[in-house]
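Biologist: I'm new to this one, so could you walk me through it and tell me how each label is earned?

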Amino acid sequence: MLTDARTPARSRTWRPPWPVDVLLTLSPHRRGTGDPAFAVTPDGAVWRASTTPDGPGTLRLLGRGGEVEAEAWGPGASWLLDGVPDLLGAADDPESFRPEHEVLRRASLRLRHLRIGRTRNVFEALVPAVLEQKVVGKEAWRAWRYLVRRFGAPAPGPLDLRVPPPPRTWVTIPSWEWHKSGIEAVRARTIIGAARVASRLEVGDTLDADRRLRSLSGIGVWTSAEVRQRALGDADAVSVGDYHIPGIVGWALSGRKVDDAGMLELLAPYAGHRYRVTRLLELSGAAPPRRGPRMPVRDYRHF
């Protein structure tokens, strides 16, 4: 049963042994502006609504004075609070990263508080990753907003958020609702198929997770990497097949655009930290000039 705004929050205070930038660390989990499951309030607190193994929950995090103040609501509150250190990168190992390129040395200094956190929730990360397959972000985020608002539940706690639907709900979404969201049948079938085996995706290490994810129809190298980056904190998961990242990596590290093979060659010296490198480069704004045609925003609702 969901809690309401009058239900007291559970809380904990965590003092990490490094300076934490909560929003910087959690920004990969925000699916565009207007994400129904993510918010930043004027006081600087970051809020996330999640479906946990214990049920729905809402987490509020605020970094202040070297501490992270955490509050959580709902049946999943304890699970969310237990995971705060992991979510903010306690299991990450940035100290072993040795940047060889000047652009990375500058970026790692400027973004020295960057950590790769993990939600410990594979299926939660999988759905938006599938929605983002081979489309521009705006198209995927529009679908995410529609589906979460339509089929998600009101989030526990005082903020007006929505909890992303649990696996059993994704299976029951009818075809016309997928169409209304702008998602075609292929991506819908991929999400439904993954939802049917969701419990099997939540076990094992990152290599095992990659194998399990890529055994599912419709999930390849790119989607697996996007999921492992967020759910498992895999600092080495490269989004091979991305529309933008090879160009960013090639331009920043070699002064020219490259394809996926060229990107992997440039990233080879950074084995173990290849996702960290791409994230640093994206955040630093290192990108080639845009001269060619941009990927169009499609709308399957009108097809």
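**Labels and the values behind them**

Modeller: Let's start with Arg230, which sits in helix α12, residues 221-231. Keep in mind that this is a predicted model.

Biologist: Why is Arg230 called buried?

Modeller: Its relative accessible area is 10%. The cut-off for buried is under 20%, so Arg230 counts as buried.

Biologist: And which residues is Arg230 in contact with, leaving aside its neighbours within four places in sequence?

Modeller: Pro28, His29, Arg31, Gly117, Arg118, Thr119 and Ala125. Contact takes heavy atoms within 4.5 Å. The side chain of Arg230 also has a polar contact, with the side chain of Gln229 at 3.5 Å.

Biologist: Gln229 is right next door in the sequence, so what makes that a polar contact?

Modeller: Residues adjacent in sequence count only if both atoms are side-chain atoms. Here it's side chain to side chain, and 3.5 Å is within the 3.5 Å limit, so the pair qualifies.

Biologist: Where is Ser239, and is it buried or exposed?

Modeller: Ser239 is in the loop between α12 and α13 (245-254). With a relative accessible area of 3%, Ser239 is under the 20% cut-off and therefore buried.

Biologist: What does Ser239 touch, not counting residues up to four places away in sequence?

Modeller: Trp222, Ala225, Glu226, Gln229 and Ile245. With Glu226 there's a side-chain to side-chain polar contact at 2.5 Å. As for Asp160, 79 residues apart from Ser239 along the chain, the two C-alpha atoms are separated by 33 Å.

Biologist: How do you know that Glu139 is buried?

Modeller: Its relative accessibility is 1%, and buried means under 20%, so the label follows. Glu139 belongs to helix α6, residues 137-151, and its side chain makes a polar contact with the side chain of Arg187 at 3.5 Å.

Biologist: Why is Gly66 called partly exposed?

Modeller: The value for Gly66 is 46%, and partly exposed lies between the 20% and 50% cut-offs, so that's where it lands. Gly66 is in the loop between β4 and β5. Not counting residues up to four places away, Gly66 touches Arg15 and Pro16. The C-alpha atoms of Gly66 and Trp18 are 8.1 Å apart, though 48 residues separate them along the chain.

Biologist: What makes β4 and β5 a pair?

Modeller: Two strands pair if there are at least two bridges between them. Strand β4 (residues 55-64) is joined to β5 by seven, so they pair, and they run antiparallel. One of the bridge partnerships is Leu59 with Ala72 in β5. The two strands form a hairpin with two residues between them, and Gly65 in that turn has a positive phi of about 60°.

Biologist: How many bridges does β5 share with β1?

Modeller: Five, in the antiparallel sense, between β1 (residues 10-14) and β5 (residues 67-73). That meets the requirement of at least two, so β1 and β5 count as a pair too. Arg12, for instance, has Ala70 in β5 as its bridge partner.

Biologist: How do you know where empty space is left?

Modeller: Rolling a probe the size of a water molecule over the atoms shows it. In this model there are three cavities of 30 Å³ or more, and the largest has about 130 Å³ of space. Its lining has 14 residues, with His29, Arg31, Arg48, Glu124 and Trp144 closest to the centre. Helix α5 gives the most to that lining, with three residues.

Biologist: What classes make up the lining of the largest cavity?

Modeller: Seven nonpolar, two polar and five charged residues.

Biologist: What is the volume of the second largest cavity?

Modeller: About 90 Å³. Of its 13 lining residues, Arg48, Trp79, Leu80, Leu87 and Thr119 are the closest to its centre.

Biologist: What makes a space a pocket rather than a cavity?

Modeller: In a cavity the probe fits but cannot get out, whereas a pocket is an open set. The second largest pocket has a volume of about 460 Å³, and of its 26 lining residues the closest to the centre are Thr51, Thr52, Pro165, Pro166 and Pro167. Helix α7 gives the most to this lining, with four residues.

Definitions and conventions. Residues numbered from 1 in each chain as written. Predicted model: local features only at pLDDT ≥ 70, side-chain atom pairs only at ≥ 80, totals over all residues. Heavy atoms only, no water. Buried < 20%, exposed > 50% of the residue type's maximum accessible area, 1.4 Å probe, protein only. Polar contact = N/O pair within 3.5 Å; in protein donor to acceptor, adjacent residues only side chain to side chain. 1 Å grid on protein atoms, 1.4 Å probe; cavity = no way out; pocket = protein on both sides within 12 Å on 5 of 7 lines; lining within 4 Å. Points joined across faces, edges and corners; volume = space filled by probe spheres on them. Nonpolar A, V, L, I, M, F, W, Y, C, P; charged D, E, K, R; others polar.
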